Amino acid sequence: MKSIAITSGKGGVGKSFLTTNLGWILAASGRKTIVFDADLQLANLDILFGASPVHSLQHVVAGQVSLRDALHPIAPDLHLISGGSALPSLMSAGPKRMATFFDQMEELGSDHDFILFDTGAGLDSRVLAFLKFSREILVVTTPDPSAVSDAYAIVKVIFNRKPDAVVSLIVNEVSHEREAIAVARTLQDTVVTFLGKAVGFSGWVRQDSAAAASVRNRRPLASTDLDGKAVSDIAEIARRMQLSEGDLRRPA
């Protein structure tokens, strides 16, 4: 199972929208996928999917059900693990309890291809366990200068805590490819100059008015708009995720 954490330096950059649609597209391509709501402050993936899970991490942490029992079916080959209100309790748990929890996640890998962790914005210390568990970390930003600055800050902390991390960028809400490439190059050059590290570039997502409507309708855009700009771009990111174990290339 390929474990991927999707994070950002600030809120409002479309991280959860990206996560739900990536999960949908990966599952639609036949890859058994789990979308895991790891947002410590605002667990809302169930809302974006229009789902009402019977169990959430709250029940797992309480010992009422196993992590596998908390899997909620969204579509063929796609399951959600809802955050509920349990994550702060989980991440303050002791090492033994945490080890048991991550052992259960390892067990899910026997019959799943991907697990996507949708973390909260910023880098609360409680999120680090999910980042350390992940084989790849996708940092989402927009072209907004404050979002780019916060993305660099998050990359810096990630490498400080996990020097061997495989980190890649996604630039959301761009007008065109050139804008995305310019943002990615700026971030990559800054990381190389000041951190001596390489970060990849997993792709971009163009601005699409249908995205906001899909959030209001509580349905992944990929489930209704196969030919739209945003869905086409996310599908390309999903394709690269399936082909690569962590692409450290520069944008062309």
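Analyst: Before we look at this predicted model, one term is needed: two strands are said to pair if DSSP finds at least two bridges between them.

User: How should I read such pairing here, and which residue of E5 does alanine 5 stand opposite?

Analyst: In general, the strands of a sheet pair through backbone hydrogen bonds, and they do so either parallel or antiparallel. In this structure alanine 5 stands opposite phenylalanine 117 in E5, and the two strands concerned, E1 and E5, run parallel and are joined by six bridges.

User: How many bridges join strand E1 to E6?

Analyst: Strand E1, which covers residues 2-8, is joined to E6 by five bridges, and these two strands run parallel. Two of the partnerships can be followed residue by residue: isoleucine 6 has leucine 138 of E6 as its bridge partner, while threonine 7 is partnered by valine 139. Valine 139 also stands opposite leucine 169 in E7, and E6 pairs with strand E7 (residues 167-174) in the parallel sense, again over five bridges.

User: In what order do the eight strands form the sheet?

Analyst: The order is E3-E4-E2-E5-E1-E6-E7-E8, in an open sheet whose pairing is mixed. Strand E3 (72-75) and E8 are the edge strands, each of them pairing on one side only. On average, and with direction ignored, neighbouring strands of this sheet are turned by 25° against each other. Elsewhere in the order, strand E2 (residues 33-38) and strand E4 (residues 78-81) run parallel and share four bridges, with valine 35 standing opposite leucine 80.

User: How do I read the two faces of a strand, and which residues of E6 point one way and which the other?

Analyst: The general idea is that in a regular strand the side chains alternate between the two faces of the sheet. From E6, Glu136, Leu138 and Val140 point one way, whereas Ile137, Val139 and Thr141 point the other way, and all are buried. Buried here means under 20% relative accessible area. Because six of the six residues of strand E6 (residues 136-141) are buried, the strand is largely enclosed by the rest of the structure. E1 is mostly covered as well, with seven of its seven residues buried: Lys2, Ile4, Ile6 and Ser8 lie on one side, and Ser3, Ala5 and Thr7 on the other.

User: What do E6, helix H7 and E7 make together?

Analyst: Together with helix H7 (residues 145-161), strands E6 and E7 make a right-handed β-α-β unit. Within strand E7, glutamate 173 deserves a look, for its phi is near 60°, a positive value in a residue other than glycine. Its relative accessibility is 37%, so glutamate 173 counts as partly exposed.

User: How is empty space found, and what is the volume of the largest pocket?

Analyst: Rolling a probe the size of a water molecule over the atoms shows where empty space is left. In this model the largest pocket has a volume of about 400 Å³, and its lining comprises 25 residues, among which Val13, Gly14, Lys15, Ser16 and Phe17 lie nearest the centre. By character, the lining residues divide into 10 nonpolar, nine polar and six charged. Helix H1 (15-28), strand E5 (114-121), E7, strand E8 (200-206) and H9 each supply at least two residues of that lining.

Technical notes
Residues numbered from 1 in each chain as written. Predicted model: local features only at pLDDT ≥ 70, side-chain atom pairs only at ≥ 80, totals over all residues. Heavy atoms only, no water. Buried < 20%, exposed > 50% of the residue type's maximum accessible area, 1.4 Å probe, protein only. Right-handed = clockwise from strand over helix to strand, strands pointing away. 1 Å grid on protein atoms, 1.4 Å probe; cavity = no way out; pocket = protein on both sides within 12 Å on 5 of 7 lines; lining within 4 Å. Points joined across faces, edges and corners; volume = space filled by probe spheres on them. Nonpolar A, V, L, I, M, F, W, Y, C, P; charged D, E, K, R; others polar. Axes fitted to C-alpha atoms, helices over the stretch in contact; angles between N-to-C directions.
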